[in-house]
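Me: I would like a close look at one part of this model, the largest pocket. Please take the wall first, then the surroundings.

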Amino acid sequence: MKRFLDPESPIMSFFGLVFDFVWLNILTLVCSIPVITAGASFTAMYSGLVRMIRGNDTRLTKHFFTDFKANFRQGTGIWAIMLAVLAVWYFDLRVVSGMKTDTGELIRVLLIVMLTLIIGIISCTFLMLSHFENTVTGTLRNGATLMLARFPLVLISVIAGLFVAYFTLRFPVKMAFVFICCGFSLPGYLLAAFLNNTLEKLEGKQESA
C-alpha cells in the first residue's frame, strides 16, 4: 500500500497525468465559453499539452493563464478569422442541406472534407502560435504548411475530435461528462504528441538561426 501511495510510483504518476489532462480540458472549456477567447484558450492548451508530453510542466494552472494572457491578442485575431471561415462553411452547408440530388450529396461530402482541412489548419495554427512568435499571417501560413506536411498524423487527431463532437451532439446527456473531461484535450494531446518531434526540430532551427 505504501508503494502504491508513493507519489513517485508509476501508478500515482499515471493518475497525476490523467488529472492534469482532465484539468487542462476544463480550463480550456471554461476559458472558451465567451467564444471569442477560444483562440487564446486553445493556444494555452497546446502549450500545456506539449509541456506534459515533455514532462516539464509542474505548474499547469499558472502556465495556462500565463500563456493565455501572452497569446490573447494574436490568438483572438486568428480565431476571429477562423470563425468567419467556419461561418461561411456553415452557410454553405445550410444551402445544400435541402438538396436531395446526387449533386447535393457530392457537395455535402466535399464540405465534410473541407471542414476536416479547416479544423486541421486551426489546430496546427494554434499549436504553432503556442511555441513561435510570428505575425498573424505568418502563423496561419505556417499552420497550414505544418498541416500539409504532417497530414496523416493531423488527420488522426482531427477525426478523434470530430468523433467526440459528433457523439456529444448526438447524445448530449450521455457524452457530457466525456466532453468535459477530454473534449478538447484528447484530440489536442494526439496532435501535440504526433508533432512534438517536428516542434523540437523547428525550435532547434530557430535557436541556431
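Which helices each supply at least two residues of the lining of the largest pocket?

Reply: Five helices do: H3 (38-54), H5 (72-97), H6 (102-129), H8 (151-170) and H10. Helices here are DSSP runs of H or I, at least four residues long, numbered from the N terminus.

A word on the model. It is predicted, so local features need pLDDT of at least 70 and side-chain atom pairs count only at pLDDT 80 or more, while totals for chains, interfaces and linings use all residues. Residues are numbered from 1 along each chain as its sequence is written, and side-chain values use heavy atoms, with hydrogens and water left out. The average pLDDT (the predictor's confidence in each residue, 0 to 100) is 90, and 93% of the residues score at least 70. Confidence is highest in helix H7 (residues 136-149), at a mean of 96. Helix H1 (residues 2-5) has the lowest mean, 49.

Now the pocket. Its volume is about 1100 Å³. On a 1 Å grid over the protein atoms alone, a pocket is an open set of points where a 1.4 Å probe fits, with protein on both sides within 12 Å along at least five of seven lines; lining residues have an atom within 4 Å of a point. Points are joined across faces, edges and corners, and the volume is the space filled by probe spheres set on them.

The lining has 34 residues. Closest to the centre are Ile119, Gly161, Leu162, Ala165 and Phe184. H8 gives the most to the wall, with 10 residues. By class, the lining holds 27 nonpolar residues, seven polar ones and no charged ones. Nonpolar covers Ala, Val, Leu, Ile, Met, Phe, Trp, Tyr, Cys and Pro; charged covers Asp, Glu, Lys and Arg; the others, Gly among them, are polar.

Next, the helices behind that wall. H10 spans residues 185-208 and has a kink of about 50°, centred on Leu195. The bend is the angle between axes fitted to the seven residues ending at a residue and the seven starting there. Leu195 is buried, as are Pro187, Gly188, Asn196 and Glu203, among others in H10. Buried means under 20% relative accessible area, exposed over 50%, and partly exposed in between (1.4 Å probe, protein chains only).

Arg150 sits in the loop between H7 and H8. Its C-alpha is 7.9 Å from that of Leu195, with the two positions 45 residues apart in sequence numbering. Arg150 counts as partly exposed because its relative accessible area is 31%.

H6 holds Arg108. At 19% relative accessible area, Arg108 is buried. Arg108 and Thr139 are 31 residues apart in sequence, yet their C-alpha atoms lie 29 Å apart.

H5 includes Ala87. This alanine is partly exposed, at 45% relative accessibility. From Ala87 to Leu27 the C-alpha distance is 25 Å, across 60 residues of sequence.

Leading into H3 is the loop from helix H2 (10-31), and Val35 is found there. Val35 has a phi near 70°, a positive value in a residue other than glycine. Its relative accessibility is 44%, so Val35 is partly exposed.

Last, the cysteines. The whole structure has zero disulfides, a disulfide being a pair of cysteine sulfur atoms within 2.5 Å. For Cys181 the nearest cysteine sulfur is that of Cys182, 6.4 Å away. Cys182 is likewise in no disulfide. Cys181 is buried, with a relative accessible area of 15%. Cys182 is buried too, at 15%.
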